[in-house]
Amino acid sequence: MKAAFLALLIPVAAARADLITYSDQIRPLFQTSCLNCHNPDKQKAGLDLSTYEAMMNGGDSGKAVEPGNSGKSLLFKLLTHAEEPAMPRGGDKLPDSQLDLIRKWIDSGAPDKTGGGAFAKKPGGGPALALVAPEERPKGPPPMPVNLSLEPVVRARRAGAIAGLAGSPWAPLAAVTGQKQVLLYNTDTMELAGVLPFPEGFPQTVRFSRDGRLLLAGGGVGAKLGRVVVWDVATGKRVIEAGDEFDAVLAADISPDHSLIALGGPNKLVKIFSARDGRLLHKMKKHTDWVTALAFTPDGKSLISGDRAGGLSVWDANGREMLSLSAHKGAVTAVACLSNLIATASEDGTIKLWDMAEGKERASWNAHKGGVLSIAFAPDGNIVSCGRDFAVRLWAPGGNRLREFDAFQDVAMQAAFAGGKVIAGDWTGTVRAWTPDGRRAGTLDANPPTMAERVDAAAKRVVEIESLPPTISAARKQAEEEAAKSAAELGAAAAALKAEQASPVSLETRDNLARLNLAFAVKQAQAKAANEALASARRDEVSYASRLEAARAVLVRLRAAAALTIVSKK
Amino acid sequence: MKRLAVLLAFACVLAAILHGRADAPVIVKAIQLDQPISFKRDVMPILTKAGCNTGGCHGSARGQDGFHLSLFGYDPAGDYDRITREMGARRVNLALPEESLLLQKATGAVAHTGGKRFDKNSDFYKAVVKWLDAGAPRDPADIPTPVSVEMSPSEIVLEGGNATRQATVTAHYSDGTARDVTPLAVFFTNNEGSAKISPAGLVTSGARGEAFVMARFGTTTVGSAVIVVPKAVPFTFPLVEERNYIDALIDAKLRKLRVTPSAVCSDEEFLRRVTLDITGLLPAPADYDRFLADAAPNKRARLIDELLNRPEFVDIWVMKLAEMLRIRSGADVSEKAALVYFDWLRNQLSQNVPVNRLVSRLIDSEGGIFENPPAGFYQFETDPLKLAEDTAQVFLGVQVKCAQCHNHPFDRWTMDDYRGFVAFFTQIARKKGEDPREMVVYDRREGESRNPVTNAVVTPKFLGGSRPDAANKDRRALLADWISSPDNPYFAKHFANVIWAQFFGRGIIEPVDDARVSNPPSNPELLEALARRFIDYNYDFRRLARDICASRTYQASSLPNDSNAADIRNFSHAAVRRLRSEVMFDCIGEVTDTKNKFKGLPLGGRAVQIADGQTTNYFLKTFGRASRETPCTCEVSMEPNLSQALLLLNGETVEGKISNGGLVKRMLADKKEPADIVNALYVRCFTRKPTGDEVNTLAPLLAKAQTRQKNLEDVFWALLNSKEFMFNH
């Protein structure tokens, strides 16, 4: 798959001419420097380099060539003397030009001959990576919050780092973690739609249930307590509380049928609780480092957990381990599932797609240098990711990069899809939205103002607009006067001209006529300008009225919401 | 900051007051009273002072539960990233700074294995909150860094116990500013019994003695000497002879300590001691008679000269240098190579080649070992890192190993110093010669030393010195010049110290090859003077040895008096020292008239002449002969153990040599009187005649003729098994 992906990078026009192949360039090179020992008869270290197939089979030390990755190919490492034993054995190191050729050949996928070869082969085989079938939309209207309080629990001086971000699968709704609260934003209007208090501490992760009706948040206070809370999105009421941990919950998920809650954190345990009564059902002790990612598969049959050391485990719903995978070389930061696709992200900079049936990696690509911190699936199977290189990117499931969004100024920590938009948040607390084609679609405030502040600001705006009338009507009056004056002057000039036209023709009258004509033209222009100014002043008066009306409407709405908050608090 | 402002204001006022009385220049440089809070300046020192980044806590190789800080802060940039961004939103909270886990753990508000490090009301807490409030900014690249640190007062004398003195630590920054960093410095002492120092820098005296109290700030450790003297005890330094500069400097220190030196030792004691120290052998009976009969007032000085001119003196120093150079055959080094190297060394010392030139040749050597024996220096160690460490340890007396991975905690060496020194050794290559036993050493002219944190190339830098222009030059030639130069600050001091240790059993810096800020010389002025003399003497061992042996200090008795009984560091009396294994073995052979046969030596060769570290026997091993696997002087072990006692009592060596040597038999055959034989044995072994008591005790054993030989041999055996024989006193 990687080879296919890399194939896209080779400029099409130059493809055939510049193609380096085993049969054309590499085998002759091997003939000179390597086949003495690595031929079918001698096979030093079990390695035969005389045919493409034999070379790909490798030798006693394993694979010799890793198509697409010269840095990992043992053959290349030995030829460049990066590892022992240096090759060619007992001879001079190959000249740089030859090493360059070999490197380019391996990086381009180590093709056998022109016209196919490695490109046609898919290492690992298996079905193509694409969404088999989108998930089924649940019945009923998209779950959106109705009349939730908009009053933030904490109003800090500034936003903190965005620990968790999630998008509803079926509604234009995004959830952002805040200080002791989870914020719900309507991604169509980009306005705050609800504040869900989390007095347990600081939420570290948020997730919507698969049907979008519930929102889960896990978090707590570091080294002190941890809890998972689930709310009904429409009513904002808490419906489930699970876990009584001694450190903040770092990863959590709810099963598709809403019967199980899984959580994990610094105690390295994965725990499964009953969603109905909060009882601990299973406790799995396997991970050797903090549990940093959890996800139920869409069929509800398995739970995938990832840890800070890069280990991945797959459990069945009864807490029995089915698979243990250790492909990631850095902490697993996220696990995401959609239909048949399962993706993991890691601090090793890669995103990997998995075939859970066989426990094999199906695709892997370098997504963010320094570490991938978050991934999320779009309904069509594309993946949005963000990481330590400050970037936010969109990928096809095979690893093709579809889009690069404009980067943040700091580590990009969380990314999600919501309401058809891409949302991402960074370490400074900035949250941005884009349309999938890359245009900015606004920002979300992770530290929203209190209702009082908002009402205050809206009232000030109204007052500000209200103070305009005198100036606007004064402007209009003045314009009227100017227009009237111009009209009068124009009339006088017209009369003078007419009079002069009626007098007998003489040298003097000819000069006068010219002068008066000119004066008339000037007055005409002035009158026109004055009339235009008057028209504009009148328009301002009208639009002001609508602006004032709009501002007043906002104020009324906010006051009503504030009143609701007070009522609901009571 | 406020404190500094006040201090400066006070200083100005003080200067004004003093102006009329004495010169008290106070230089006030530009002070920024309102510096923006900085991670490196303000937060990093807190991590060290509060103990966060020590080796037992987050400074350990893997940190604690995933939170790793660089040990004592050698990587501030990495620490910044780890604290702020490594675990996303967990460790710091910029919205509500006081909720940051970093502070919650440090103040003990949440469970923390490391405990409470500081209080919510402390300056440390406030500083971290201030930094978080500012948004936890990253420092600009050009932030001023400390270039030097001083601790004041530099010398403290306290009378009696529980006397106190406050130390202050000032840091000078690269922008010219000075800053009182006493609350941020980490304090420790090398002798808690005599002087404690509190985390606030308050020195409190304990028992009479000396201590060195130190402060660490940033990458620098500095210290002050503390002397604790008994309270109100009248003390007058006696009138003693100061024979040379050594005595003057020793006495100056003893005066400060209010310690009286012991009296000069007897002629017998002197004869035995100096003969052992210079030649590794006991005085022959003829020499004994002659010396004691000599009435000349300068007979001791003459004896010293005679002994220094004997070839055995060279043997001792060849052996010591062979240990430093690890001459030993093994898997990678053939016997021939080891021998060729040893012979070369021997020749050089016999010809009195100055040791700085000898070392210079070693470092600069190239070629095949058989034609160029000094190239053997590069055969015993091939790893550039170890080579650099060994060179520093053996020729400069400093151990820089700790700075391989992080800045040295108790000394001034940073990773940059370490890697810069390693850079002198990265271009050495070796290949086998035509004779497989020979190795050829040559310069590759490529190969760099890298900083393990940043992977940047580190160019060659003299240890504690400058960076030479090494472009396209032979780096080892530069190093050889620097080491052998009279301006080198370590070389002469180190060798002077080694020579001193040979005669006193203990260096002025002890251990001899571990000079560091936290292990200062017990008498820096003496060491300085010896080093200068050594250079003036053109690095001649003999001349410095002569000065030492001629001093009253060397000739002091090993019997302590009341005031100096507890002193071991200041040479107020001679130390009782066990003979080292080779010398002991040779002396046993000498007094029993037996010859030894070692591999590579003819019959009668002495143990001190053994070239190869591999060549040994059971006796030598038991008594701690150095295996020469490392250059550490600690390989020569003087520790007692049961095997040693059993070997002497029951083993072959003593018994065998007595009977094989047949000395007693011969003396009886020569019709010597038993009493005379006893005298002769005492003189041989103890360099003295038996006392009246001893004579009386032994007389009954000599009465019967049949048992005489056996009894005399038993007496001989007893003498060889006694401490008076085994120890140099």
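**Figure 1. A four-stranded open sheet in chain A of this predicted model.** Here's the sheet: strands 17, 18, 19 and 20 of chain A, in the order 17-18-19-20, with antiparallel pairing. Strand 17 (332-338) and strand 20 (360-366) sit at the edges, and each of them pairs on one side only. Going from one strand to the next, the twist averages 20°. As a general reminder, strands of a sheet pair through backbone hydrogen bonds, either parallel or antiparallel.

**Figure 2. Strand 19 of chain A and its pairing with strands 18 and 20.** Start with strand 18 (residues 341-346), which pairs with strand 19 (residues 350-355) in the antiparallel sense over four bridges. One residue pair to pick out is A:Ala343, whose bridge partner in strand 19 is A:Leu353. Strand 19 also pairs with strand 20 of chain A, again antiparallel, over six bridges. In that pairing, A:Thr350 stands opposite A:Asn366 of strand 20. How many residues lie between strand 19 and strand 20 of chain A in their hairpin? There are four, and A:Gly359 in the turn has a positive phi of about 70°.

**Figure 3. The loop between helix 5 and helix 6 of chain A, with A:His81 and A:Pro85.** Two backbone details turn up in this loop, which runs between helix 5 (74-79) and helix 6 (96-107) of chain A. A:His81 is in the loop, and its phi is near 65°, a positive value in a residue other than glycine. A:Pro85 lies in the loop too, and the peptide bond leading to A:Pro85 from A:Glu84 is cis, with omega near -10°. For context, most residues other than glycine have a negative phi, and most peptide bonds are trans.

**Figure 4. A cis peptide bond at B:Pro153.** Over in chain B, B:Ser152 and B:Pro153 are joined by a cis peptide bond with omega about 0°. Where is B:Pro153 found? Look in the loop between strand 1 (146-152) and strand 2 (155-159) of chain B.

**Figure 5. Helix 10 against helix 11 in chain B.** The axes of helix 10 (residues 311-324) and helix 11 (residues 335-350) of chain B come within 10 Å and cross at roughly 135°. That angle is why helix 10 of chain B counts as oblique to helix 11 of chain B. The crossing is right-handed. On the helix 10 side, the residues are B:Val314, B:Trp317, B:Val318, B:Leu321 and B:Ala322. They meet B:Phe342, B:Leu345, B:Arg346, B:Leu349 and B:Ser350 of helix 11. Sorted by class, this contact between helix 10 and helix 11 of chain B has eight nonpolar residues, one polar and one charged.

**Figure 6. Helix 9 against helix 18 in chain B.** Helix 9 (residues 299-308) and helix 18 (residues 541-550) of chain B have axes that come within 10 Å and cross at roughly 150°. With over 145 degrees as the cut-off, helix 9 of chain B is therefore roughly antiparallel to helix 18 of chain B. This crossing is right-handed. Helix 9 brings B:Ala301, B:Ile304 and B:Leu308 to the contact, while helix 18 brings B:Arg542, B:Ala545, B:Arg546, B:Cys549 and B:Ala550. The tally for helix 9 with helix 18 of chain B is six nonpolar, no polar and two charged residues.

**Figure 7. Helix 24 alongside helix 26 in chain B.** For helix 24 (residues 674-686) and helix 26 (residues 708-720) of chain B, the axes come within 10 Å and cross at roughly 20°. So helix 24 of chain B is roughly parallel to helix 26 of chain B. The two pass in a right-handed crossing. From helix 24, the contact takes in B:Pro674, B:Ile677, B:Val678, B:Leu681, B:Cys685 and B:Phe686. From helix 26 come B:Arg708, B:Leu712, B:Val715, B:Phe716, B:Leu719 and B:Leu720. By class, helix 24 with helix 26 of chain B gives eleven nonpolar, no polar and one charged residues.

**Figure 8. Chain B where it touches chain A, and the confidence scores.** In the predicted model, 15 residues of chain B are in contact with 18 residues of chain A. The side of chain B that touches chain A divides into seven nonpolar, five polar and three charged residues. The model scores ipTM 0.74 and pTM 0.74. Chain B has a mean pLDDT of 90, and 95% of its residues reach 70 or more. Over residues 20-24 of chain B, though, pLDDT stays under 50, and the model has three contacts for them beyond four places in sequence.

Terms used: Residues are numbered from 1 along each chain as its sequence is written. Chains are lettered from A and ligands numbered from 1 in the order in which they are written. This is a predicted model: local features need pLDDT of at least 70, side-chain atom pairs count only at pLDDT 80 or more; totals for chains, interfaces and linings use all residues. pLDDT is the predictor's confidence in each residue, from 0 to 100. Two residues are in contact if their C-beta atoms, placed from the backbone, lie within 7 Å. Two strands pair if DSSP finds at least two bridges between them. Axes are lines fitted to C-alpha atoms, for helices over the stretch in contact, and angles run from 0 to 180 degrees between N-to-C directions. Angles under 35 degrees count as roughly parallel, over 145 as roughly antiparallel, 65 to 115 as roughly perpendicular and the rest as oblique. A crossing is left-handed if the near helix is turned anticlockwise from the far one by less than a right angle, and right-handed if clockwise. Ala, Val, Leu, Ile, Met, Phe, Trp, Tyr, Cys and Pro count as nonpolar, Asp, Glu, Lys and Arg as charged, and the others, Gly among them, as polar.
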